[in-house]
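Colleague: I am new to reading protein models. Could you walk me through the empty spaces and the ligand site?

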Amino acid sequence: MNNKRRIINIISNRNFESRKTSMELKEKLIKRGFIVRERFDKRAELNICVGGDGSFLRAVHRNKFPTIPFVGINTGHLGFFQEILPENMDEFINKYINKEYIVEELFLVSAEVCTKDKCYYLTGINEIVVKGSKSKVIHIDVSIDGNHLEHFCGDGMIISTPSGSTAYNFSVGGSIIYPTLNTLQLAPLAPISSKAYRSLLNSIVVPGDCVISLKLENRYSNSTLIVNDGVELRYDNIDHINFKISDKKIYRLVLDKNMYWNNLRSKFL
Ligand code: NAP
């Protein structure tokens, strides 16, 4: 096989272990005939992300949701997205060269944040969170495809993708959703359910073609925070936010179909 013109991007975080792993990986790939770039090259056929899940999230955002597949080498803490361990690097390279993998599509969440003046568009890999910025209860009217569902009161709402279902969503009691399912999940953050207020206590999983709309009460329009994959964003005078599955997708190399279940067991149980 002639690998001469095959380019691979290695995107690494800056910690010592990741840099050491990246150096080793680079040498091994060059020996097998690949061209290795340590900055994102859009002609590459593969992105190898070295670090934890946080590094993967940042790599995808920074490079604007490329369609070049990602695979991760885990030098981070949890590494749910990061399938390969540094000690299995040689096995990974062999499997990659022999095409012993599948490419999975990952669904993303998109948000249209409409203020009194204009709308802003966001894309999230794990989730987009709407919460009060001043430790106050926020009140939100929740509709799905134009059908009013509830008047929510509590800390906020998490709208997560299937691959984000094991992140923040999981910590607030949301369900785990297999990453290739075309759905979004709406999970409440500390919902109030009392004689004064009635909010759903559990998360809802909605089909991918639904639009989830959150309409903020006027008094919260300047005290609401949007958090996209851990990054805080502030907008003045938010009126409503619509969420749907994004038209964009990212792709992930999967070397072992059983990996997801092994990962769940080993990382959460
Ligand atoms: P971070 O420190 O980068 O990540 C927090 C933890 O979440 C890390 O252990 C990270 O794994 C893990 N993680 C990220 N994506 C995951 C996924 N899809 N499945 C399972 N675990 C995942 O925190 P950050 O910069 O604030 O935000 C990044 C993400 O952290 C957010 O998108 C959010 O989902 C999550 N988060 C969770 C909580 C919570 O559980 N209470 C609160 C805030 C944010 P690594 O150790 O491998 O990086």
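Modeller: Happily! Let us begin with a term: helices are DSSP runs of H or I with at least four residues, numbered from the N terminus. Keep in mind too that this is a predicted model.

Colleague: Thanks. Which helices each supply at least two residues of the shell around the ligand?

Modeller: Helix 2 (53-62) and helix 4 (168-171) do. Helix 2 gives the largest share of that shell, 3 residues.

Colleague: How many residues surround the ligand, and which are the closest?

Modeller: There are 18 around the ligand, and the closest are Asp53, Gly79, Glu127, Thr166 and Ser171. Sorted by class, the shell has 6 nonpolar, 9 polar and 3 charged residues.

Colleague: Why does the ligand lie between domain 1 and domain 2?

Modeller: Look at who contributes to the shell. Domain 1 (7-100) and domain 2 (108-247) both give residues to the shell around the ligand, so the ligand lies between them.

Colleague: And how do I read the polar contacts?

Modeller: Look for pairs of N or O atoms within 3.5 Å. Here, a ligand oxygen atom is 3.0 Å from a polar backbone atom of Leu78, and a ligand oxygen atom is 3.5 Å from a polar backbone atom of His77. With Asn126 the side chain takes part: one of its N or O atoms is 2.9 Å from a nitrogen atom of the ligand. As for cover, the ligand taken alone exposes 830 Å², and the protein buries 68% of that.

Colleague: Now the empty spaces. How are they found?

Modeller: Rolling a probe the size of a water molecule over the atoms shows where empty space is left. In this model there are 2 cavities of 30 Å³ or more, and the largest has a volume of about 170 Å³. Its lining has 17 residues, of which Phe80, Glu104, Pro179, Arg252 and Tyr260 are the closest to the cavity's centre.

Colleague: Which element gives the largest share of that lining?

Modeller: Helix 5 does, with 3 residues. Strand 5 (102-115), strand 16 (238-254) and helix 5 (259-268) each supply at least two. By class, the lining of the largest cavity divides into 9 nonpolar, 3 polar and 5 charged residues. Domain 1 and domain 2 each provide at least three residues of this lining.

Colleague: What is the volume of the second largest cavity?

Modeller: About 30 Å³. Among the residues lining the second largest cavity are Glu150, Met157 and Asn202. Strand 11 (residues 183-189) gives the largest share of that lining, 3 residues, and the classes are 6 nonpolar, 1 polar and 1 charged.

Conventions: Residues are numbered from 1 along each chain as its sequence is written. This is a predicted model: local features need pLDDT of at least 70, side-chain atom pairs count only at pLDDT 80 or more; totals for chains, interfaces and linings use all residues. Side-chain values use heavy atoms; hydrogens and water are left out. On a 1 Å grid over the protein atoms alone, a cavity is a set of points where a 1.4 Å probe fits but cannot get out, and a pocket is an open set with protein on both sides within 12 Å along at least five of seven lines; lining residues have an atom within 4 Å of a point. Grid points are joined across faces, edges and corners, and a volume is the space filled by probe spheres set on the points. Ala, Val, Leu, Ile, Met, Phe, Trp, Tyr, Cys and Pro count as nonpolar, Asp, Glu, Lys and Arg as charged, and the others, Gly among them, as polar. Domain bounds come from an automatic or database domain assignment. A residue is near a molecule or strand if one of its heavy atoms lies within 4 Å of it. A polar contact is a pair of N or O atoms within 3.5 Å; within protein, one must be able to donate a hydrogen and the other to accept it, and residues adjacent in sequence count only if both atoms are side-chain atoms. Accessible areas come from the Shrake-Rupley method with a 1.4 Å probe; for residues, only the protein chains shown count as cover.
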